[in-house]
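Have the model open in your viewer and set side chains to sticks. The tour moves from one selection to the next.

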Amino acid sequence: GSLPTEDRAVSPRLIEGLRNIHVRHVACGGHYSCAVAESGEVYSWGFGKDGQLGHGNSKDVYTPKVVRGLQSKVIRQVSCAEHHVGAVSESGILFTWGRGQNGRLGHGGGDNELLPKVV
């Protein structure tokens, strides 16, 4: 889950995978990040062990990747915690995914969610 030393930026750098995306909002969690584009698409990258990247698996992703489970939605904001994410759509619908321990996702149980799910 850790990036090689040569990939650790010590000063701000452009994220090449988002070069042509108009980013509206960014949130950072424990070892991963999410960005919301002006179009409402969500991108995530980094440590994915608990499914917090929302790509349907627990793999790490080293460059921004669209969260496909939200592509038909217009997301306006995301919030990243240590192991889970919440996203709010333009119409006020809340989606959560990642580690579900202690009911933190609001789905009525403690299961992890690898894809965004409506609360």
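## Stop one: a surface patch

Leu94 has a relative accessible area of 36%, so this residue counts as partly exposed. The model you are looking at is predicted. Leu94 sits in strand 7, which covers residues 94–98. Now add Val88 and Val119 to the selection. Together with Leu94 they make a nonpolar surface patch of about 220 Å².

## Stop two: the hairpin of strands 1 and 2

Select residues 23–28 and 32–37. These are strand 1 and strand 2, and they pair in the antiparallel sense over five bridges. Which residue stands opposite Cys34 of strand 2? Pick Ala27: that is the residue facing Cys34.

Go to the turn. Three residues separate the two strands of this hairpin. One residue of the turn is His31, with a positive phi of about 75 degrees. His31 takes that positive phi although it is not a glycine. Is His31 buried or exposed? His31 is exposed, because its relative accessible area is 62%.

Stay with the hairpin and select His25. His25 belongs to strand 1. Draw a distance from the His25 side chain to the backbone oxygen of Val78. A polar atom of that side chain lies 2.8 Å from the oxygen. Next, show the surroundings of His25. Setting aside residues up to four places away in sequence, His25 touches Cys34, Ala35 and Val36, and also Arg76, Gln77 and Val78.

## Stop three: salt bridges

How many salt bridges does the structure hold? There are five. Three of them follow.

Begin with Arg24 and Glu38. Their closest N and O atoms are 3.2 Å apart in a salt bridge. Arg24 lies in strand 1 and Glu38 in the loop between strand 2 and strand 3, so this pair ties together parts that are 14 residues apart in sequence. Arg24 is partly exposed at 44% relative accessibility. Glu38 is also partly exposed, with a relative accessible area of 36%.

Next, select Asp50 and Arg99. Their side chains meet in a salt bridge, 3.2 Å from N to O. This pair links distant parts of the chain, 49 residues apart. Asp50 is in the loop between strand 3 and strand 4 (61–66), while Arg99 is in the loop between strand 7 and strand 8 (113–118). Asp50 counts as buried because its relative accessibility is 6%.

The third pair is Lys117 and Glu113. The salt bridge between these side chains spans 3.7 Å, N to O. Color the two by accessibility. Lys117 is partly exposed at 38%. Glu113 counts as buried, with a relative accessibility of 18%.

## Stop four: around Glu113

Keep Glu113 selected. Its place is in strand 8. Which residues does Glu113 contact, leaving aside neighbours within four places in sequence? The list holds Asp50, Gly51, Trp97, Gly98, Leu105 and His107. Asp50 will be familiar: it is the partner of Arg99 in the previous stop.

## Stop five: Asn102

Move to the loop between strand 7 and strand 8, and select Asn102, which lies there. Check the backbone. Phi of Asn102 is near 60 degrees, a positive value in a residue other than glycine. Asn102 is exposed, because its relative accessibility is 71%.

## Last stop: Tyr43

Select residues 42–46. This is strand 3, and Tyr43 lies in it. Is Tyr43 buried or exposed? At 8% relative accessibility, Tyr43 counts as buried.

Show what surrounds Tyr43. Neighbours within four places in sequence are left aside here. Its contacts then include Leu18 and Ile21. Ser33, Cys34, Ala35 and Ala37 are among them too. Pro64, Lys65, Val66 and Val67 complete the list.

Now look for a polar partner. The side chain of Tyr43 makes a polar contact with the side chain of Glu41, at 3.1 Å. Finally, draw a line between C-alpha atoms, from Tyr43 to Gly54. The two are 11 residues apart along the chain, and their C-alpha atoms are separated by 9.3 Å.

How values were computed:
Residues are numbered from 1 along each chain as its sequence is written. This is a predicted model: local features need pLDDT of at least 70, side-chain atom pairs count only at pLDDT 80 or more; totals for chains, interfaces and linings use all residues. Side-chain values use heavy atoms; hydrogens and water are left out. Helices (H or I, at least four residues) and strands (E, at least two) are DSSP runs, numbered from the N terminus. Buried means under 20% relative accessible area, exposed over 50%, partly exposed in between (1.4 Å probe, protein chains only). Contact means heavy atoms within 4.5 Å. A polar contact is a pair of N or O atoms within 3.5 Å; within protein, one must be able to donate a hydrogen and the other to accept it, and residues adjacent in sequence count only if both atoms are side-chain atoms. Patches are made of residues with over 30% relative accessible area and no salt bridge: like charges are joined within 9 Å, nonpolar side chains (Val, Leu, Ile, Met, Phe, Trp, Tyr) within 5 Å. Accessible areas come from the Shrake-Rupley method with a 1.4 Å probe; for residues, only the protein chains shown count as cover. A salt bridge is a side-chain nitrogen of Lys or Arg within 4 Å of a carboxyl oxygen of Asp or Glu. Two strands pair if DSSP finds at least two bridges between them.
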